[in-house]
Amino acid sequence: MLIQAIPRKDGERQKMNLEIYFKPLREPVVLPIHYNYLVQAALYNSIDQELAAFLHEKGYSDGNRAFKLFCFSLIQGVYQMDRVKKRIAFEGELKLTVSSPLQDFCQSLVNVLLTKGVMRLGAQELEIDRISAGQYEVREHKVMVRTLSPVVLYSTLLRPDGRKYTVYFQPGETDYSRLFNENLRKKYRALYGSEGPEGEVEIRPLGIQRMRIVNYKNTVIKGYAGKLLLSGPKELLQLAVDGGIGSKNSQGFGCVEIING
C-alpha cells in the first residue's frame, strides 16, 4: 500500500483531504444505489473507537447543534446502475475522498486503514490500494469548488395542522445563502470556540446545478451538485473546503474540491 503525502509547513494546522483508492477483492462490487450509510459506517469503523464514539454520540457543539466535522464524496469509478433492483455495480478501481479539519480524525483513519489493509462496505470487502493525503489551501478571498457529493441546505417548517415538513433550497436562492452562512458560522464556533472573522461568504452558482435525491435510512434527502464560486473571509472558505458545506456532511453530503476553472 502506498501513501503519498504533501508536507506541511511547521506550525501549520493539519487539515487533510484523503483520496482513498480501492482494489476490489471480487468484482463487481455491488451496492445499493443509496449507499451513503454504508460508507459512513465504514469510516466510523476505520478510526479509533474512542474517537468514533465521541463523534457519533456527541461531536463538536454550538448551542443545540452538534457537528462531526468530516465529509466524504460519492464513490468514484466505472459503474452500471440497475434502477429496478436498486443496485449499483462497480468495476475496477474505486476512489473515495474524505476531508476533515480534524487532525485526529485524519491521522486515525490513515493509521487504521494501513493496519487493516481493507475497508468493508456492508458485505463487500475492498482492499486499500493507496492513499493520497494532501490539503486544499485557500490562499485568496475567492475560491471555485466542485461538489464531490451533493450539498444539502434545508429548513423544517410546520403545516397549519402542526405536522412538520422539510423545504430544500438550491444555489441562487436567498435562503440557500443565508443557511449556508449560518451553518458555516456554527461549525466555526463549534471547532474554534470563537466567532471568527467578520463578513459573509457569497455563493455564486456556476453552470447547471443538478438535483440529487438520496434515500438515507428511509429518509429522502435532496441536494444539489455542480460548481460554485465562493467569496469571503479565507478562514471561513478554508473550513468550508475542509469540513464540507451545508448540512449532513458526515452522512455523505457537501464534500467539495477546489478547481481552477
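**Exercise 1. Work out how far apart the mean positions of the positive and negative charges are.**

Step 1: Pick your charges: Lys and Arg are positive, Asp and Glu negative, with His and the chain ends not counted. Step 2: Place each one at NZ of Lys, CZ of Arg, CG of Asp or CD of Glu. Step 3: With 36 positive and 28 negative charges, the two mean positions come out 6 Å apart.

Before going on, note that this is a predicted model, where local features need pLDDT of at least 70, side-chain atom pairs count only at pLDDT 80 or more, and totals for chains, interfaces and linings use all residues. Residues are numbered from 1 along each chain as its sequence is written, and side-chain values use heavy atoms, leaving out hydrogens and water.

**Exercise 2. Find the residues that UniProt lists for "active site" and place them in the fold.**

Step 1: The unreviewed UniProt entry gives Tyr44 and His56; such annotations may be inferred rather than shown by experiment. Step 2: Tyr44 sits in helix 1 (residues 36-44), while His56 belongs to helix 2 (residues 49-57). Helices here are DSSP runs of H or I, at least four residues, numbered from the N terminus.

**Exercise 3. Decide whether Tyr44 is buried or exposed, do likewise for His56, then list what His56 touches.**

Step 1: Buried means under 20% relative accessible area and exposed over 50%, with partly exposed in between (1.4 Å probe, protein chains only). Step 2: Tyr44 has 10% relative accessibility, so it's buried. Step 3: His56 is at 51%, so it's exposed. Step 4: Setting aside neighbours within four places in sequence, His56 contacts Tyr44 and Lys68, where contact means heavy atoms within 4.5 Å.

Conventions. Helices (H or I, at least four residues) and strands (E, at least two) are DSSP runs, numbered from the N terminus.
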